[in-house]
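Please walk through the fold of this protein with the model open beside the text. The route starts at one proline and ends with the chain as a whole.

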Amino acid sequence: MKQNSQYEQLEKIPTRIARDANEACREVAQEIAALIRSKSDSNQKVVLGLATGSTPVPLYRELIRLHQEDGLSFKNVITFNLDEYHGLSQKHPESYWRFMHEQLFDHIDIPSGQVNVPDGKVATSEAFEYCATYEEKIEAAGGIDLQVLGIGRTGHIGFNEPGSPPDSLTRMIALDSLTIRDAAADFQGERNVPRHAITMGVGTILAAKRVVLIAWGQNKSDVIAEAVEGPETESISASFLQRHSNATFFVDQSAASRLTRIDRPWLVGPVDWKPSLIRKAVSWLSLKQGKPILKLLDEDYTENGMSDLITPRSTSYHLNIEVFNDIQRTITGWPGGKPNADDSQRPERANPHPKRALIISPEPDNDLLGMGGTLKRLMDQRHDPRIAYLTSGSLMVPDSEAKAMAEFAQELQPEADESLPRSTLRQLEEKSEFDLDSAEIRDFKGHIRRVETRSALRRLDVQPKRIHFLDLAFYQKGRPRQFRFEEADVSAVVELLREVQPHQIYLTGIEADPSALPAICFALVNQAIERCSGDDWLEDCRIWLYRLPERSWEIEEIDMAVPISPKELTDKIQAIYHHKSQRSQSPGGDVSLREHWQQTEKNTQDLAAQYDHLGLAEYEAIEAFQRWR
Ligand code: F6R
């Protein structure tokens with residue numbers, strides 16, 4: 001396969017890295033539109049293979065725009081969807097049939113008879129025959145002209161979980177446990193996620209004339225790198241796209257971040273050695289060689305494709321010291337700045353002291369997971385931290401938890417016939433697990449999260465007066481993957497910013513999947529901050545980014561590393577444990593509360609171990625931040 005540049009020499013699938021998901025979607029949508037138009041000019045049908053999930057949402061939005069604004073017609077289009085959960089009827093809120101209609105088909109002029117989504121209600125005993133018919137239908141339509149794919153964290157395309165052979169066809173398949181976990185948020189908990197699905201096979205996908213795989217967010221970066229650069233393997237079904245002659249991956253920068261040309265570019269060609277790349281390369285080398293930075297030798301550099309870093313002026317000795325000091329300066333026990341100290345080499349300025357710090361948390365508990373230890377430090381060092389919870393987090397409270405709380409409240413007021421808990425309880429009893437929550441239930445669940453939040457923060461000596469519950473309307477009205485914020489949401493954040501006038505803002509979500517809540521909250525706050533440009537307080541405000549447990553920082557990304565003592569780590573974990581309703585639910589739809597705090601604990605301890613291996617001080621744990629300019 002022809003490579004565009006030497007930097008892509010390890011890539012076995014052409015991969016386009018876009019600035020963001022919207023840019024990539026515009027390009028893919030243009031390709032689809034050109035195909036539709038060229039076929040319709042010659043009176044031919046176009047057969048599109050389509051995917052569901054978060055990833056294609058912006059692509060479908062762009063296709064709808066092309067239909068509405070540019071007159072793109074879908075009358076000559078036939079579609080085949082990749083998959084459907086087994087056991088779900090078309091009208092189930094999480095069925096892919098419904099998803100496709102809500103996200104695309106209802107907004108374009110495709111004739112309903114030209115739409116095909118596998119039937120989730122087909123009986124298991126008839127599934128084999130049904131799937132064979134689905135294959136025949138694709139063939140009878142002339143085969144798929146262009147197949148759109150997302151990719152799961154198991155490397156699946158469609159629902160071709162690990163173990164799917166390259167010649168597999170449409171069939172019923174058992175879902176992988178990671179896939180089930182990733183779907184937990186959509187289904188109000190893992191136990192409600194269907195265990196099986198009908199999916200096109202890898203062979204069905206490979207038979208498409210053109211394949212376009214799209215992926216966004218850091219969560220996908222490992223699997224993208226494996227599929228593009230690793231061997232073809234049944235454990236990552238997307239890797240079989242390497243044998244397709246016309247497949248392209250379109251990814252955003254976060255999803256591309258593990259490709260060698262981005263992650264370790266010096267291994268594939270000459271590089272422009274910017275300071276952050278030098279830090280990355282030297283720390284990588286130190287960890288790879290199992291030697292502290294200050295013990296790296298010239299030959300360590302030359303044997304690892306980094307000889308151009310070593311010159312007569314900059315020997316390994318000089319370089320090692322330079323990078324060591326650079327990393328050393330990220331460490332501070334004073335996240336709010338150290339008063340009365342020389343701050344020329346410190347991550348945060350000494351003055352003013354105390355500082356007003358605004359910690360922005362998309363949902364209750366994100367703040368603690370990402371920076372609970374640092375919050376405690378800010379308190380102990382007599383700063384003025386405030387915590388703003390943008391959303392109520394009500395969607396993450398399982399019905400079972402809400403029922404228990406409603407019963408408890410009712411116990412206290414047995415005689416009050418028309419009390420709120422009684423009516424909520426009635427509604428909860430009447431609703432099935434899959435029905436959407438009524439406004440009243442959402443409200444009730446929001447209260448549960450408020451109570452938990454207050455008691456969690458009390459564990460860190462943070463008084464309720466420091467808490468701002470914004471309960472933004474976009475969340476109250478919305479559903480996971482389909483949130484869209486509005487002007488009123490931005491205004492509410494602007495108002496808060498102007499009220500607090502912070503010296504520091506702590507923020508998360510910059511690299512998340514764009515349809516996930518943290519990313520939406522990041523975009524929203526970003527707009528609010530832009531709205532404040534010109535305000536005096538903003539001139540004197542630093543913005544620090546923190547990360548949620550699913551992904552920790554790399555050494556070269558860190559501007560401030562706050563060591564956490566064993567006692568502080570225990571306090572943080574115990575505070576997290578007050579979010580009891582999250583035992584079986586958590587942000588991102590991931591498993592249980594226990595797994596979440598374990599992940600947080602592990603990330604912060606692993607980072608401390610990395611600093612130790614690099615030859616810096618040995619701490620129990622480290623919470624890290626990047627300065628956002
Ligand atoms: C959906 C499908 C799956 C998804 C994948 C990624 O029809 O076939 O392979 O594309 O699970 O899901 P999201 O986009 O939600 O991350």
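In which loop is Pro354 found? The model, which is a predicted one, puts Pro354 in the loop between α11 and β11. The peptide bond that joins His353 and Pro354 is cis, with omega at about 0°. Pro352 has its place in the loop between α11 and β11 as well, and a cis peptide bond, with omega of about -5°, joins Asn351 to Pro352. The helix before this loop, α11, covers residues 316-328, and the strand after it, β11, covers 356-361.

Asn340 also has its place in the loop between α11 and β11. Asn340 is not a glycine, yet its phi is positive, at about 55°. Its relative accessibility is 80%, and because exposed means over 50%, Asn340 counts as exposed. A second residue of this kind is Asp461, with a positive phi of about 65° although it is not a glycine. Asp461 lies in the loop between α15 (439-458) and β13 (467-469). Is Asp461 buried, exposed or partly exposed? At 47% relative accessibility, Asp461 counts as partly exposed. These backbone details are worth pointing out because most residues other than glycine have a negative phi, and most peptide bonds are trans.

On the other side of α11 in sequence is another loop to look at. Ser314 sits in the loop between α10 (298-302) and α11. Its relative accessible area is 18%, and since buried means under 20%, Ser314 is buried. Not counting residues up to four places away in sequence, Ser314 touches Leu309 and Leu319. From Ser314 to Ile505 there are 191 residues in sequence and 38 Å in space, C-alpha to C-alpha.

Next comes the open sheet. How many strands form it, and in what order? Seven strands make up this sheet, in the order β1-β10-β9-β6-β2-β3-β5, and the pairing is parallel. Its edge strands are β1 (15-17) and β5 (115-116), each of which pairs on one side only.

Strand β6, residues 146-149, can be followed in detail. Its side chains alternate: Leu146 and Val148 point one way, Gln147 and Leu149 point the other way, and all are buried. With strand β2 (residues 46-50), β6 pairs in the parallel sense over two bridges. Across from Leu146 in β6 stands Leu48, while Gly49 stands opposite Gln147. With β9, the parallel pairing of β6 runs over four bridges. Here Gln147 has Val211 of β9 as its bridge partner.

From β9 (210-215) the chain enters a loop that leads to α7 (221-229), and Gln218 lies in this loop. Is Gln218 buried or exposed? Gln218 counts as buried, because its relative accessibility is 9%. Its contacts, leaving aside neighbours within four places in sequence, are Ser254, Ser257, Glu511, Arg547, Arg551 and Glu557.

Further along the chain there is antiparallel pairing. Strand β17 (residues 621-628) runs antiparallel to strand β15 (residues 542-545), joined by three bridges. In this pairing Leu545 has Gln626 of β17 as its bridge partner. Strand β16 (residues 560-564) is also antiparallel to β17, with five bridges between them. Met560 stands opposite Phe625 in β17.

Now consider the chain as a whole. The protein chain contains 21 helices and 17 strands. Its radius of gyration is 26 Å, which agrees with the value near 25 Å that a compact globule of 629 residues would have. Along its principal axes, the C-alpha trace spans about 85 × 75 × 45 Å. Buried residues account for 58% of the 629 residues. Of the contacts between residues at least 6 apart in sequence, 76% join residues at least 24 apart.

The surface and the charges complete the picture. The accessible surface of the protein chain comes to about 26,100 Å², and carbon and sulfur atoms hold 48% of that area. The chain has 74 positive and 96 negative charges, and the mean positions of the two sets are 3 Å apart.

Conventions
Residues numbered from 1 in each chain as written. Predicted model: local features only at pLDDT ≥ 70, side-chain atom pairs only at ≥ 80, totals over all residues. Heavy atoms only, no water. Buried < 20%, exposed > 50% of the residue type's maximum accessible area, 1.4 Å probe, protein only. Contact = heavy atoms within 4.5 Å. Rg over C-alpha atoms; globule rule 2.2 N^0.38 Å. Areas by Shrake-Rupley, 256 points an atom, 1.4 Å probe, with all protein chains shown as cover. Lys, Arg positive; Asp, Glu negative; His and termini not counted. Charge placed at Lys NZ, Arg CZ, Asp CG, Glu CD. Pairing = 2+ DSSP bridges.
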